[in-house]
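Colleague: I would like a close look at a single part of this model, please: the place that the UniProt record marks as "active site".

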Amino acid sequence: MSKLSLRARLAATLGLSAARLSRATGRGDGSVIGGRVALKVEPDVLAELSRGRQLALVSATNGKTTTTRLITNALRALGPVATNEFGANMPSGHITALSSDLEARNAVLEVDEKYLPMVLSDTKAAVVVLMNLSRDQMDRASEINLLAQKWRFALRGSPAHVVANCDEPLVAWAGLGSSNATWVAAGQRWKEDSWCCPECGGHLDRSADPHWECHECGLRRPEPSWVLDGDTVTDPHGRKHELRMKLPGDANRANAAIALATAAVFGVPPDNALPRLREVTSVAGRYSSIQRGPVEVRLLMAKNPAGWLESFAILDPPPVPVALSVNAQVPDGRDTSWLWDVDYTVLRGRKVFVLGERRTDLALRLDTDDVEFEVIDHIDQAVAKTGTKRLDVVANYTAFQQIRTEWGRVT
Amino acid sequence: MNDSALRIVWIYPDLLSTYGDQGNALILERRARLRGIPTEIVHVHSSDAVPVEGDVYLLGGGEDRPQILAARRLIADGGLKRAAERGAAVLAICAGYQIIGETFGDDKDNPIAGVGLLDIRSGRGDRRAVGELVADVDPALGVPRITGFENHQGRTQLGPGTTPLSRTVVGVGNGDGFEGGYAGHVVGSYLHGPALPRNPGLADLLLRWTVGEIPPLPPGWGERLREERLAAAIG
């Protein structure tokens with residue numbers, strides 16, 4: 001990194017000081033403010049900080065933070081890796097991450113979906129990792145078809161190597177913009193945003209899942225070289241690897257398969273990468289267990305219908321109760337309509353607690369699906385009433401952060 | 001289809017269901033069931049023919065491209081228009097509302113032909129309307145004040161054949177001080193939330209249009225949510 005200009009080096013140093021100050025005064029983890037300060041001093045700082053490094057950009061609607069962590073762990077087999085591990089996924093966060101480790105040859109950056117084209121153009125990243133796209137906070141986010149189109153356009157003009165989930169039609173279509181792609185069959189549970197062909201708008205034939213195909217324009221699922229089936233990943237040489245991850249659920253198996261394929265692009269073979277993926281047990285408080293008195297509480301964050309579906313699939317079986325908490329602040333999306341996209345009938349026969357600033361919306365939703373529930377004002381009431389030694393909590397973004405803050409931050 | 005049941009036809013969930021539109025079907029079914037009326041929800045995908053013998057037809061919201069595709073397919077199919085002509089109830093939301101009009105604008109505001117159930121024309125406004133909406137419903141319909149969440153860039157002009165559904169108190173709606181429109185048993189609105197879970201009175205209006213007088217239900221979570229959202233929006 002000796003090529004860094006004086007101005008960029010100054011920008012990086014000042015940014016890091018601002019970040020440390022922010023942490024010291026308890027304002028936050030400093031990722032955002034640090035980057036903002038650096039940008040003021042040197043607008044090209046992101047491009048300068050990226051020069052001479054091998055970067056992977058990771059984007060998706062769900063699983064960005066987790067997959068970034070998994071890939072980072074795998075690449076540490078090669079030496080230090082710079083990364084924005086706290087989920088500050090816009091350019092200011094990227095600058096802070098890259099400034100924090102000027103010597104690291106490799107970097108893995110989680111990137112907000114909207115910023116991917118810009119960050120790709122600034123950083124000239126070598127690898128772009130794409131997992132999924134689904135409806136999310138539509139009062140402020142772009143339409144996902146439009147987003148996929150922008151990704152596709154950005155990749156068309158870039159030599160980056162794309163690692164993408166071919167089972168997600170929108171993601172695959174975006175990835176097909178690149179001439180250099182590794183396809184991973186990582187599965188797709190939430191299909192409600194991909195019945196329509198991204199190329200021509202025709203109805204997609206998905207009768208032979210995971211294959212998909214448009215009979216109107218001929219767009220079809222690219223042939224994968226990595227395949228996830230149950231807990232087994234088959235690599236391009238036909239060798240099978242049992243994942244046995246500590247992180248729960250199909251969504252994390254998909255994230256792990258994609259992380260293995262990405263690690264291989266960087267030259268870390270699966271046998272070397274896999275033990276490093278298994279070391280990850282909790283990501284920014286997600287999936288972590290907290291002891292509250294006699295009760296072990298597991299925290300799951302779900303920000304949109306696809307995320308809720310994945311969370312329900314990994315709940316502990318009854319009699320372990322579940323508490324659902326929903327807010328509708330700006331980071332959550334202020335429209336709660338999405339609650340009606342989720343199927344709650346799987347919760348029938350289970351003890352369910354309902355809380356959060358929009359608990360009445362959730363109560364009506366559960367009532368309509370004939371799910372019995374109890375409305376509470378505070379998460380500790382659920383802990384007190386579990387009747388077992390365990391409790392699962394599913395919460396959307398700010399509801400999750402509120403619980404974490406009340407119980408003390410855990411990572 | 002079951003002949004004796006109330007048939008709720010959900011049009012093109014694969015194209016027009018961006019944000020919880022399923023809720024309208026579920027609430028109609030529930031409020032009918034609570035009154036002892038057997039119901040059936042029929043999902044009609046964009047590759048299927050639209051049945052003509054339904055009682056209530058529901059259309060939801062959608063992004064630009066699916067909206068145009070849905071309009072084309074509905075016009076070619078003709079089933080929805082024939083059903084409306086024989087007096088079936090129709091509730092169309094957001095992109096669906098625009099589709100059942102004469103024309104609507106594409107992403108460059110070129111006019112695209114709609115199904116023509118309502119005498120309305122929609123185009124694109126300068127700014128996106130996003131947020132909670134409150135409106136007073138045409139007194140002729142006997143539905144109390146409605147609330148919902150709007151998220152659209154459409155501006156809709158009503159022709160002489162269509163009556164405004166409501167007068168806006170908070171929010172943008174059609175863009176001229178009114179929200180939604182209706183003619184006969186066909187009603188369109190920009191309201192997500194979704195509209196029927198947030199407004200039990202609107203759900204009951206569709207049921208009355210379909211099965212005649214219905215007994216009132218004791219207030220439940222829907223009524224509570226409506227009051228909570230009204231209080232939050234009006235302050």
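**From chain B to its active site**

Modeller: Happy to help! In chain B, 24 positive and 29 negative charges have mean positions 2 Å apart, with Lys and Arg taken as positive, Asp and Glu as negative, and His and the chain ends not counted; each charge is placed at NZ of Lys, CZ of Arg, CG of Asp or CD of Glu. This is a predicted model, in which local features need pLDDT of at least 70 and side-chain atom pairs pLDDT 80 or more, while totals for chains, interfaces and linings use all residues. Residues are numbered from 1 along each chain as written, chains are lettered from A and ligands numbered from 1 in the order written, and side-chain values use heavy atoms, without hydrogens or water.

Now to your site: an unreviewed UniProt entry places "active site" at Cys94(B) and His192(B), in the numbering used here, under a shortened name and possibly by inference rather than experiment. Though spread over 99 residues of sequence, they cluster in space, with a largest C-alpha distance of 7.6 Å.

Cys94(B) sits in the loop between strand E4 (89-93) and helix H4 (95-99); helices (H or I, at least four residues) and strands (E, at least two) are DSSP runs numbered from the N terminus. Its relative accessibility is 9%, so Cys94(B) counts as buried, meaning under 20% (exposed is over 50%, partly exposed in between; 1.4 Å probe, protein chains only). Beyond four places in sequence, its contacts (heavy atoms within 4.5 Å) include Asn151(B), His152(B) and His192(B).

His192(B) lies in the loop between strand E11 (186-189) and helix H5 (195-198), and is buried too, at 4%. Its contacts beyond four places include Cys94(B) and, from chain A, Asp335(A) and Ser337(A).
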